[in-house]
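Dear colleague,

Please find below the structure that I agreed to pass on to you. My notes on its sheet and on the helices around that sheet follow directly after it.

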Amino acid sequence: MERTLSIIKPDGVGRGLIGDVVKRLEASGLTILAMKMIHMTKTQAQGFYAVHRERPFFDSLTDFMSSGPAVVMVLEGENAIARYRELMGATNYKEAAEGTIRRDFATDIEKNVVHGSDAPETAAFEISYFFNAFEINPR
Ligand code: GDP
């Protein structure tokens with residue numbers, strides 16, 4: 001069993017896509033153990049994306065992530081990290097496979113609707129960034 005962090009980014013929340021995203025991940029068999037809506041400050045977004053701090057798009061990305069509410073979730077399942085990344089599709093929606101969330105809903109390489117952890121170590125960091133143990137509901 002593995003856990004991963006999912007975020008419905010501010011573009012997804014603003015465009016009314018929470019239900020579409022949740023529908024897809026529940027239909028895929030992943031279990032939602034925790035879920036809440038947050039509005040990150042710029043500083044919180046910078047901390048979350050600290051690995052990208054040298055990238056040219058860091059300032060724009062952290063402005064975007066702190067521009068409105070987002071939904072953060074903890075997902076669990078066998079191979080949850082890879083399975084959820086498969087549901088999301090490639091970072092660039094133009095390269096994302098048919099039927100993926102980003103292919104179907106993203107409008108921009110940055111405004112790509114969803115985030116998902118990319119490895120067990122990042123999942124552990126990202127889950128603990130937003131949730132404490134009492135907010136995660138094991139099944
Ligand atoms: P992810 O793991 O698929 O989300 O991709 P990355 O970890 O590489 O990038 C993190 C996030 O930064 C992406 O989801 C996009 O929102 C944004 N991003 C990635 N590449 C670019 C880029 O070239 N330009 C801009 N503006 N944003 C980008």
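**Findings on the sheet and its helices**

Strand 2 and strand 3 run antiparallel and are joined by seven bridges. Please bear in mind that the model is a predicted one. Within this pairing, I38 stands opposite A70 of strand 3.

Strand 3 (residues 70-77) also pairs with strand 1 (residues 2-8), again in the antiparallel sense and over seven bridges. Two positions may help you to find the register: L5 has V74 of strand 3 as its bridge partner, and R3 stands opposite E76 in strand 3.

Taken as a whole, the sheet is open and has four strands in the order 2-3-1-4, with antiparallel pairing. Its edges are formed by strand 2 (31-38) and strand 4 (114-116), each of which pairs on one side only. From one strand to the next, the twist averages 20°.

Two helices should be viewed together with the sheet. Helix 2 (residues 18-27) packs on it and touches strand 1, strand 2, strand 3 and strand 4. The direction of helix 2 makes about 165° with that of strand 2. Helix 5 (residues 80-88) lies across strand 1, strand 3 and strand 4, and it runs at about 30° to strand 1.

How many of the eight residues of strand 3 are buried? The count is eight of eight, so that the strand is mostly covered in the sense of relative accessible area under 20%. In a regular strand, side chains alternate between the two faces of the sheet. In strand 3, both faces are covered: A70, V72, V74 and E76 are buried on one side, and V71, M73, L75 and G77 are buried on the other. E76, the residue opposite R3, is thus among the buried residues of strand 3.

Helix 4 (residues 58-65) deserves a separate remark. Its buried residues are F58, L61, T62, F64 and M65. These residues lie on the same side of helix 4 because they cover an arc of only 155° around the axis. An α-helix has 3.6 residues a turn, so residues three or four places apart point the same way. Among the elements that cover the buried residues of helix 4 are strand 1, helix 1 (10-14) and helix 3 (42-48).

With kind regards

Terms used. Residues are numbered from 1 along each chain as its sequence is written. This is a predicted model: local features need pLDDT of at least 70, side-chain atom pairs count only at pLDDT 80 or more; totals for chains, interfaces and linings use all residues. Side-chain values use heavy atoms; hydrogens and water are left out. Two strands pair if DSSP finds at least two bridges between them. Axes are lines fitted to C-alpha atoms, for helices over the stretch in contact, and angles run from 0 to 180 degrees between N-to-C directions. Contact means heavy atoms within 4.5 Å. Buried means under 20% relative accessible area, exposed over 50%, partly exposed in between (1.4 Å probe, protein chains only). The arc is that of the directions from the helix axis to the C-beta atoms.
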